[in-house]
Amino acid sequence: MAWAKLGSDTLTSGGTSLDIVSFTSSKFNQFLCHDVGTSAESVLWQVGGSGSVDTGNNYSHRYNQNGGTDGTQVSRANLWAYQAGTDDDRFIIWYGINIAGEEKLFIGNSVTFNGAGAGVAPERCESVGKWSNTSVQYDTVKAYSHSGNMDTDSNLTALGTD
């Protein structure tokens, strides 16, 4: 089982979204996102088939920040990767299972810089989510800002394997 790069998107100037469109669907995916020194309040995710993301209320997720109390959101138009906003770098890893005929499940972890030096701990967010569409495998992924911009060199990369 070898992993292959399915695609990537890197911002050449500040922007609100990173998009990988019409990649070859695979059963197992890993999405790596580096949100550089951002003014983005939250990074949200959408997936979809046939080269476009699903913007309907077909997502639900559970999350916690820094080990706090779980929150849930259902019948949403996206999944959260991280909800709190700072001007710091973020690194986000999402894993997805993309089996035809099944709801698509995701596990995500993110870390935010939160300040220089050993006296400042980074922030973290853990989340799980699902896309309820069972009729297609996703072949498109979008990571985007809830408000504000992601800075130049922010990057999204998709890996996949069967």
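## Exercises on charges, rings and a core

There are four salt bridges in this structure. The model is predicted, so local features need pLDDT of at least 70 and side-chain atom pairs count only at pLDDT 80 or more, while totals for chains, interfaces and linings use all residues. Residues are numbered from 1 along each chain as its sequence is written, and side-chain values use heavy atoms, with hydrogens and water left out.

**Exercise 1. Find the salt-bridge partner of Glu103 and say where the two residues sit.**

Step 1: start with the rule. A salt bridge needs a side-chain nitrogen of Lys or Arg within 4 Å of a carboxyl oxygen of Asp or Glu.

Step 2: look around Glu103. Its partner is Lys130, with the closest N and O atoms 3.1 Å apart.

Step 3: place both ends. Glu103 is in the loop between β8 and β9 (104-112), and Lys130 is in strand β10, so this pair links distant parts of the chain, 27 residues apart. Strands here are DSSP runs (E, at least two residues), numbered from the N terminus.

Step 4: check exposure. Glu103 has a relative accessible area of 34% and Lys130 has 30%, so each counts as partly exposed (buried is under 20%, exposed over 50%, partly exposed in between, with a 1.4 Å probe and protein chains only).

For practice, try two other pairs. Arg62 and Asp70 meet at 3.7 Å, N to O, and Glu126 pairs with Arg124 at 2.7 Å.

**Exercise 2. Glu123 is buried: what does its side chain touch, and how far away is the nearest side chain of opposite charge?**

Step 1: locate Glu123. It lies in strand β10 (residues 123-131).

Step 2: look for an opposite charge (Lys and Arg count as positive, Asp and Glu as negative; His and the chain ends are not counted). The nearest such side chain is Arg90, 7.7 Å away, and Glu123 has no salt bridge.

Step 3: look for a polar contact (a pair of N or O atoms within 3.5 Å; within protein, one must be able to donate a hydrogen and the other to accept it, and residues adjacent in sequence count only if both atoms are side-chain atoms). The side chain of Glu123 makes one with the side chain of Gln65, at 3.1 Å.

**Exercise 3. Work out how the rings of Tyr63 and Trp80 are arranged.**

Step 1: recall the test. Rings of Phe, Tyr and Trp (its six-membered ring) pair if their centres lie within 6.5 Å; planes under 30 degrees apart are stacked, over 60 edge-to-face, and the rest tilted. A search of the whole structure turns up six aromatic pairs.

Step 2: apply it. The centres of Tyr63 and Trp80 are 4.7 Å apart and the planes stand at 65°, so the pair is edge-to-face.

Step 3: place the rings. Tyr63 is in strand β5 (residues 59-65) and Trp80 in strand β7, so the pair ties together parts 17 residues apart in sequence.

**Exercise 4. Describe the largest nonpolar core and the strand that gives the most to it.**

Step 1: define the set. Such a core joins buried Ala, Val, Leu, Ile, Met, Phe, Trp, Tyr and Cys residues through side-chain atoms within 4.5 Å.

Step 2: size it up. The largest has 22 residues, and among those with the most contacts inside it are Phe31, Trp45 and Leu156.

Step 3: find the strand. β4 gives the most, with three residues.

Methods:
Helix = DSSP H or I, 4+ residues; strand = E, 2+ residues; numbered from the N terminus.
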